[in-house]
Amino acid sequence: IDKEVLSAINTLESNGFMAFVVGGCVRDILLGKKPKDYDIATNATPNEILAIFTNAGHKCLEIGKSYGTIAISKSPIKHCKKTKQNLAQNLARQDGQSSDFIEVTTFRNDSEYVDGRHPKSVEFGDNIMQDLARRDFTINAIAFSPSKCTLIDTFSGLNDIKSKTISCVGDPNI
């Protein structure tokens, strides 16, 4: 795991919050691949994430604040000459290079989905298990705590990775 990601997790934990790397980056690491980006899930609210990382000197983008997601620069920025648009473009790189940002998202529970992709509403939570239960596939519903060296795999995503199987979390017909 990149040192900047470990530092972000340490920053959250040293401020009294839980923090896990989640989703595709965990899956990629388990497959022996270098992740293109990292996602952190935490019980810190979006406003708490903003306060913690702004105070630590990071650039923060409120890319999905209403859904609980704040993008933080991997390192503190002393003098930023980039525009907000350039920073957002860097966040959304599609050239295979890793982003200069880490997405930090509050644990959440989704309500019903109106279009198969977007929930009607999002409720912030304090439980990693509930957050993992809302994910699409078991291979993306794995969390890892570097500080505790703990892998949370409630939905048997590791078994699906080993057997090269794609399984949904929950009932895919709902």
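In what sense, and over how many bridges, do β3 and strand β4 pair? I looked this up and found that β3 and β4 (residues 69-73) pair in the antiparallel sense over three bridges, where two strands count as paired if DSSP finds at least two bridges between them. In this pairing, L61 stands opposite A71 in β4.

I noted that this is a predicted model, in which local features need pLDDT of at least 70, side-chain atom pairs count only at pLDDT 80 or more, and totals for chains, interfaces and linings use all residues. Residues are numbered from 1 along each chain as its sequence is written, and side-chain values use heavy atoms, with hydrogens and water left out.

Next I traced the sheet, which is open and mixed in its pairing, with seven strands in the order β3-β4-β5-β2-β1-β8-β9. Strands here are DSSP runs of E with at least two residues, and helices are runs of H or I with at least four, numbered from the N terminus. Because β3 (60-64) and β9 (150-152) stand at the edges with a single partner strand each, one side of each is left without a neighbour in the sheet.

I then turned to T106, which is found in strand β5. Is T106 buried or exposed? T106 counts as buried because its relative accessibility is 1%, the cut-offs being under 20% for buried, over 50% for exposed and partly exposed in between, with a 1.4 Å probe and protein chains only. Among the residues that T106 touches are T42, I49, F124 and D131, not counting residues up to four places away in sequence; contact means heavy atoms within 4.5 Å.
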